[in-house]
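User: I am new to this structure. Please take a close look at any salt bridges and describe their surroundings.

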Amino acid sequence: MRPVCAALPLLALLAPVPASAADARDAAAVLNDPATQERMADTITALVGAMMQMPVGPLAEAVARIDPSSDAARIPPDATVGDVEAA
């Protein structure tokens, strides 16, 4: 559940703003479709999974060079977002 909540802001950014009330009704009808909901859940799961595998070691190293007393100095060079989130 936690990864899905983390992906909701991404979904909000990707969703177009309806231009009219008719568009809003059409969007509501599409979003109420269980098959559409399942596809969206699968897409969000894939996006969050990819995000969790992104490397953060190089970024942490850069931050640690700027501020050696930061927590970034303790992040391993091969760490991923998932590793940092789990810690």
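Analyst: **Salt bridges and their setting**

Across the whole structure, a search finds 2 salt bridges, each defined as a side-chain nitrogen of Lys or Arg within 4 Å of a carboxyl oxygen of Asp or Glu. The model is predicted, so local features need pLDDT of at least 70 and side-chain atom pairs count only at pLDDT 80 or more, while totals for chains, interfaces and linings use all residues. Residues are numbered from 1 along each chain as its sequence is written, and side-chain values use heavy atoms, with hydrogens and water left out.

One salt bridge joins Glu 61 to Arg 65, with 3.7 Å between the closest N and O atoms. Both residues belong to helix 4 and stand 4 residues apart, about one turn of the helix. Helices here are DSSP runs (H or I, at least four residues) numbered from the N terminus, and strands are runs of E of at least two. Glu 61 counts as partly exposed at 46% relative accessibility, whereas Arg 65 is exposed at 63%. Buried means under 20% relative accessible area, exposed over 50%, and partly exposed in between (1.4 Å probe, protein chains only).

The other salt bridge links the side chains of Asp 71 and Arg 74, at 2.3 Å from N to O. Asp 71 is exposed, with a relative accessibility of 54%, and Arg 74 is exposed as well, at 61%. Side chains of opposite charge can pair when their charged atoms come close.

Helix 4 (residues 57–66) also has a buried set, consisting of Gly 57, Ala 60 and Ala 64. These residues lie on the same side of helix 4 because they cover an arc of only 60 degrees around the axis, where the arc is taken from the directions from the helix axis to the C-beta atoms. The other side of helix 4 holds the exposed residues Pro 58, Leu 59, Arg 65 and Ile 66; Arg 65 is thus both on this exposed side and a partner in the bridge with Glu 61.

Beyond helix 4, Thr 80 is placed in the loop before helix 5 (81–86). Thr 80 counts as buried at 19% relative accessibility. Leaving aside residues up to four places away in sequence, Thr 80 touches Met 52, Gln 53, Met 54, Pro 55 and Val 56, a contact being heavy atoms within 4.5 Å.

As wider background, the chain comprises 5 helices and 0 strands, and 15% of its 87 residues count as buried.
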